[in-house]
Amino acid sequence: MKPVLSVTSECVPLIKTGGLADVAGALPGALSPFGWEMRTLLPGYRQVMSRCRKAKSVMDLPDLFGGAVRVLQAKVDGLKLYVLDAPHLFDREGTPYLDPQGRDFPDNPERFAALSWVAARIACEGIGGWTPKVLHGHDWQAGLAAYFARKAGCEVATVFTIHNIAFQGVAPADRIGRLKLDRADFTARGFEYWGQVSTMKAALIWSDRITTVSPTYAAELQTPEFGMGMEGLLRSREADLKGILNGIDTDVWNPATDPEIASYKTAKGKARAKTKLLKEFGLQPTDGPLCAVISRLSHQKGLDVLLEALPALVDRGGQLVLLGSGDAALEAALRNASSHPNVAVHIGYDEGMSHRIMAGADAILVPSRFEPCGLTQLYGLRYGTIPVVAMTGGLADTVINASPMALRSGVATGVQFQPVTAHALASALIRTVELFKDKPTWEALQRNAMRQEVGWEASAAEYAALYEEVARSR
Ligand code: ADP
Ligand code: GLC
């Protein structure tokens, strides 16, 4: 097996705030049939350390960013892990990035520079006799890995995946020394970004290849609207930039075996799941579609726009059930909206509930302003829960809009709209209600949706081919 080290700040089943964790958790299993052994380097947060009690130490460093650290080797649910046990950086309450009050940890730049530095050390010197051929970093948290590897003079091949360009790993310039960065690289052609340091920019400069999680986002990233300041740099690296779609875990997301629901093999079985879901959320049955949202509540996800467009749905007998958490103002606005008899909102994070909603709902709404890939529309396809999505990023690449032609040709799987405005979304919701009432058409959509290939196989093959190519070219 050819060795590849994945460097990530989250990974299912140990720690998750979003889709990055799902992707990091799925890639190792998906890549092994292609001859790549992926091991994963992860910070030793409390939630991670509690799963690694029996792990052995394979690297000791007396002082890294102000404290002693160890790298533990562990195996959890088949994943081969290296855990960066650095209590002064990671043994804290809160999420991977935020304190219990929801504020960024002030030393986030140091915390993730440490992760990247250790990744480079492993790639350059090996660990316990294992030396990766490819170093694959994810998002700004792993942004300095390729930089540190090059600075150490090692020739490991490097790949970096952009899951979300909105988070750019920015730190004040006076931290350069503390972050173990070379001041000589604080230039426009280096990691300097509007007078500050950006670890995302460093990754886009020093990595051999760049990927992102859908072909459309790869193109969008090269425009000012979506590149968020990095578009020029990404255009200059177009030849090395590739969009590879995310897959989903089709064992975990399988309506035929899902332990959270009365399982079903065809969309017909959804009726029971819907009845249960309506009961769980205290909604009365109507003759309109039950639409769902399962999401982080952030500006990216366009849920403020959904609130504006919502009358178009609920005034026509449609219903909304929403599960999410995040932005406090959005949480409050959504709670407010749930006073309508056709709207139910659960603020929180609940894996089991997300499965019950996916099974019981008729449609899954994803009105994102930008969406690098998106996973919930893929769960929707698998569960015969029709995606109603903005035409952007991975949402554009994974859903086939129910245009008259697509309906006639029998290939449509969902509803797409653009731009992300209340008006366009309201029209999409009205279209959804009409499609839902036309039973044969709706059932055809469901059948098409459930036939889509949403697993990892095709994309894992693309990553494997990319690793081969980049390892060869170094
Ligand atoms: P992002 O990574 O931008 O948040 P994705 O669609 O890629 O968006 O991934 C989100 C993941 O998090 C999905 O697996 C989704 O089901 C899950 N998720 C989001 N919010 C919740 C929640 N409140 N409860 C349970 N799962 C959630
Ligand atoms: C990011 C994106 C999301 C993507 C996920 C996994 O969080 O917002 O679209 O699916 O990463 O790649």
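Which of the 13 residues around ligand 2 come nearest? In this predicted model, they are His163, Asn246, Glu371, Cys373 and Gly374. Let's start with that site and then work outwards to the domains and a few backbone oddities.

Three of those residues have a polar atom close to an oxygen of the ligand, and each is worth a look in turn. From His163, a polar side-chain atom sits 2.6 Å from an oxygen atom of ligand 2. Asn246 also uses its side chain: one of the N or O atoms there is 2.8 Å from an oxygen atom of ligand 2. With Cys373 you should be looking at the backbone, where an N or O atom lies 3.0 Å from an oxygen atom of the ligand.

Now zoom out to the chain itself. It splits into domain 1, made of 2-247 + 456-473, and domain 2, which runs over 267-451. So domain 1 is written as two stretches of sequence, and domain 2 as one. Measure between their centres over C-alpha atoms and you get 32 Å. Where the two domains touch, domain 1 puts in 18 residues and domain 2 puts in 17.

How much area do domain 1 and domain 2 bury between them? The answer is about 1,300 Å², with 61% of it on carbon and sulfur atoms. If you go hunting for salt bridges between domain 1 and domain 2, the count is zero. Polar contacts do turn up, though: six residue pairs link the two domains that way, counting pairs with both residues at pLDDT 80 or more.

On the domain 1 side of this contact, the elements giving two or more residues are α1 (19-31) and α7 (215-220). Of these, α7 gives the most, with four residues. By type, the domain 1 side divides into seven nonpolar, eight polar and three charged residues.

Finally, the backbone. Most residues other than glycine have a negative phi, and most peptide bonds are trans. Against that background, three spots deserve a click. The peptide bond from Val12 to Pro13 is cis, with omega near 10°, and Pro13 belongs to the loop between β1 (2-7) and α1. Another cis bond runs from Gln418 to Pro419, this one with omega near -5°; Pro419 is in the loop between β18 (415-417) and α17 (422-437). Then there is Asp139, which is not a glycine but still has a positive phi of about 60°. You'll find Asp139 in the loop between β6 (134-138) and α5 (145-151).

How values were computed
Residues numbered from 1 in each chain as written. Chains lettered and ligands numbered in written order. Predicted model: local features only at pLDDT ≥ 70, side-chain atom pairs only at ≥ 80, totals over all residues. Heavy atoms only, no water. Domains from an automatic or database assignment. Contact = heavy atoms within 4.5 Å. Buried area = accessible area lost by both parts, 1.4 Å probe. Salt bridge = Lys/Arg side-chain N within 4 Å of Asp/Glu carboxyl O. Polar contact = N/O pair within 3.5 Å; in protein donor to acceptor, adjacent residues only side chain to side chain. Nonpolar A, V, L, I, M, F, W, Y, C, P; charged D, E, K, R; others polar. Near = heavy atom within 4 Å.
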